[in-house]
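Visitor: Got a minute to walk me through this one? I'd like to talk pockets, cysteines and backbone oddities.

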Amino acid sequence: MDAVEIEVKFRVPYPQALVEGIMALGAQTGKRVFECNWIFDDPGGTLTGRGELLRLRRDDTWRLTYKLPCTENGQFKVRRELETTLADGEVVAAVFRALGLTAARCYEKWRQTFDLDGAHLCLDTLPFGTFLEIEGTGERIRQVAAALSLPWHRRILGTYLDLFHIVAEEMDLSFSDITFANFEGLVVDMGAWRHRFEAG
């Protein structure tokens, strides 16, 4: 599938209250799933350097995604992506390695999805915090954010990898894989650094 993704994120300090608010609006929900994502690149980091992303994801199925560089219009993150489901992601990973690509980074998260009248919502719990992604048309995104009382000036236009870079810098972390095991025992206060990632 070739699509243009328009979205914003919000940090979610109180996930249960937010879920109750989403359901009160009449959203249809999917089950909560665990994801493991591998970002592939060549040894020189060519794709990362160009702002591109080649990702292999496993949850209930395997998915391969290629994303072009992000563009921002000051209000939303806009990114073109190509995505397809796979029968066997391990075979694709082996092909990538044979072509000289490696899994440069892994990141994990729990995701619960919601569909709400033309908007797709993802509640994502990563090792360093919980976030809500709202995807749809620009107008619909703003409507949903307002209905959930999410302050627009606190939207996030960066990626989860961008957020991790901030966490790693602030906490002087030595690892690059965003796994729950790596963060075990660490206390992360994203609110203390929100000036670095909220759009304002």
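**Pockets, cysteines and a helix**

Guide: Let's begin on strand β8, which is where R111 lies. Keep in mind that this is a predicted model.

Visitor: Okay, is R111 buried or exposed?

Guide: R111 is buried, with a relative accessible area of 12%.

Visitor: And which side chain does R111 touch through a polar contact?

Guide: That of E133: a polar contact of 3.3 Å joins the two side chains. R111 and E133 also turn up together in the lining of the largest pocket, among the residues closest to its centre.

Visitor: Let's do that pocket, then. How much space lies in the largest one?

Guide: About 540 Å³. It is lined by 28 residues, and the closest to its centre are R55, R57, R111, C122 and E133.

Visitor: What's the lining like by class?

Guide: There are 18 charged residues, along with 6 nonpolar and 4 polar ones.

Visitor: And how much space does the second largest pocket have?

Guide: About 290 Å³. Its lining includes I39, L53, R79, R105, D162 and H165. By class, that lining splits into 4 nonpolar, 4 polar and 4 charged residues.

Visitor: Which element gives the largest share of that lining?

Guide: α5, with 3 residues. The elements that give two or more residues there are β8 (102-116) and α5 (160-171).

Visitor: Back to C122 for a sec. How many disulfides are there in the whole structure?

Guide: A search finds 0. C122 has C70 as its nearest cysteine, with the sulfurs 15 Å apart. That is too far for a bond, because a disulfide needs the two sulfur atoms within 2.5 Å.

Visitor: Are those two cysteines buried or exposed?

Guide: C122 is buried, with a relative accessible area of 4%, while C70 is partly exposed at 31%.

Visitor: New topic: helices. Which residues of α4 are buried?

Guide: α4 covers residues 138-147, and its buried residues are G138, R140, I141, V144 and A145. They cover an arc of only 165° around the axis, so they sit on the same side of α4.

Visitor: Why would residues spaced like that point the same way?

Guide: An α-helix has 3.6 residues a turn, so residues three or four places apart point the same way.

Visitor: What's on the face turned away from the buried side?

Guide: That face of α4 carries the exposed residues E139 and A146.

Visitor: And what follows the helix?

Guide: S149, in the loop between α4 and α5. S149 has a positive phi of about 55° although it is not a glycine. Most residues other than glycine have a negative phi. S149 is exposed too, at 63% relative accessibility.

Visitor: Where else is there a positive phi without a glycine?

Guide: At D117, with a phi of about 45°. D117 is in the loop between β8 and β9 (119-126), and at 64% relative accessibility D117 counts as exposed.

Visitor: Last one, back on β8. What does the side chain of Q112 contact?

Guide: The side chain of T29, through a polar contact of 3.2 Å. Q112 lies in strand β8 and counts as buried, at 17% relative accessibility. The cut-off for buried is under 20%.

Technical notes:
Residues are numbered from 1 along each chain as its sequence is written. This is a predicted model: local features need pLDDT of at least 70, side-chain atom pairs count only at pLDDT 80 or more; totals for chains, interfaces and linings use all residues. Side-chain values use heavy atoms; hydrogens and water are left out. Buried means under 20% relative accessible area, exposed over 50%, partly exposed in between (1.4 Å probe, protein chains only). On a 1 Å grid over the protein atoms alone, a cavity is a set of points where a 1.4 Å probe fits but cannot get out, and a pocket is an open set with protein on both sides within 12 Å along at least five of seven lines; lining residues have an atom within 4 Å of a point. Grid points are joined across faces, edges and corners, and a volume is the space filled by probe spheres set on the points. Ala, Val, Leu, Ile, Met, Phe, Trp, Tyr, Cys and Pro count as nonpolar, Asp, Glu, Lys and Arg as charged, and the others, Gly among them, as polar. Helices (H or I, at least four residues) and strands (E, at least two) are DSSP runs, numbered from the N terminus. The arc is that of the directions from the helix axis to the C-beta atoms. A polar contact is a pair of N or O atoms within 3.5 Å; within protein, one must be able to donate a hydrogen and the other to accept it, and residues adjacent in sequence count only if both atoms are side-chain atoms.
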